[in-house]
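Me: Please take a close look at a single part of the structure below. Please also set that part in the context of the whole chain.

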Amino acid sequence: MFARVQRSAGALRNTRAVVGRSMAVKATLPPLPYAYAALEPAISGEIMEIHHAKHHATYVNNFNATLTAIEAAQEAGDVPQLITLQSALKFNGGGHVNHSLFWENLAPVGEGGSPSGALAVSLSAVSASRHSPTQTPTHTHTNTHIHTYT
């Protein structure tokens with residue numbers, strides 16, 4: 001996992017924002033390390049494409065727009081606007097970084113390796129308890145996200 005985080009961190013080195021005299025390099029949408037359909041049937045290619053090309057791209061575009069707005073506010077000496085833009089910078093920059101790490105932590109079947117140590121033991125215990133014929137589920141969980149893209 002740490003190797004994946006290091007690769008992601010390396011990919012993000014080009015994303016720098018300095019609230020100072022000038023702005024540095026803008027963020028770019030990183031390419032996926034696999035095809036959109038590579039995670040099927042767990043995650044459909046259509047969902048992966050929407051999540052990457054629309055959702056993650058929205059974070060990148062909004063982050064870059066925020067950098068431009070910060071630069072304009074700096075040039076105008078508009079300190080209240082600089083303060084206001086901090087939340088957009090944090091939200092969109094964080095969304096970009098989180099998604100960049102997310103893509104690196106997914107892998108097609110057979111390419112991702114297996115958990116080891118305490119994580120493997122815990123996952124085995126959870127899996128065994130969920131597949132036990134003597135237990136009945138006590139609840140169901142749905143995970144629905146609704147996003148609007150511009």
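Reply: A contact means heavy atoms within 4.5 Å, and pLDDT is the predictor's confidence in each residue, from 0 to 100. This is a predicted model, in which local features need pLDDT of at least 70 and side-chain atom pairs count only at pLDDT 80 or more, while totals for chains, interfaces and linings use all residues. Residues are numbered from 1 along each chain as its sequence is written, and side-chain values use heavy atoms, with hydrogens and water left out.

The protein chain has an average pLDDT of 81, and 71% of its residues score at least 70. Two stretches stay under 50: residues 14-19, for which the model has 16 contacts beyond four places in sequence, and residues 143-148, for which it has one such contact. The chain holds four helices and zero strands (DSSP runs numbered from the N terminus: helices are H or I of at least four residues, strands E of at least two). Among these elements, helix α1 (residues 2-12) has the lowest mean pLDDT, 49, and helix α2 (residues 45-76) the highest, 97.

The part chosen here is the packing of α2 against α3. Their axes lie 9 Å apart and meet at an angle of about 150° (lines fitted to C-alpha atoms over the stretch in contact, with angles from 0 to 180 degrees between N-to-C directions). That angle makes α2 roughly antiparallel to α3 (under 35 degrees counts as roughly parallel, over 145 as roughly antiparallel, 65 to 115 as roughly perpendicular and the rest as oblique). The crossing of α2 and α3 is left-handed, that is, the near helix is turned anticlockwise from the far one by less than a right angle; clockwise would be right-handed.

The model contains two aromatic pairs (rings of Phe, Tyr and Trp, the last by its six-membered ring, with centres within 6.5 Å; planes under 30 degrees apart are stacked, over 60 edge-to-face and the rest tilted). The rings of Y59 and F91 are 5.6 Å apart at their centres with planes at 55°, so this pair is tilted. Y59 belongs to helix α2 and F91 to helix α3 (residues 79-104), so that the pair links distant parts of the chain, 32 residues apart. Y59 counts as buried at 15% relative accessibility, whereas F91 is exposed at 54% (buried is under 20% relative accessible area, exposed over 50%, partly exposed in between, with a 1.4 Å probe and protein chains only).

As for the wider setting, 24% of the 150 residues count as buried. Of the contacts with a separation of 6 or more, 71% join residues 24 or more positions apart.
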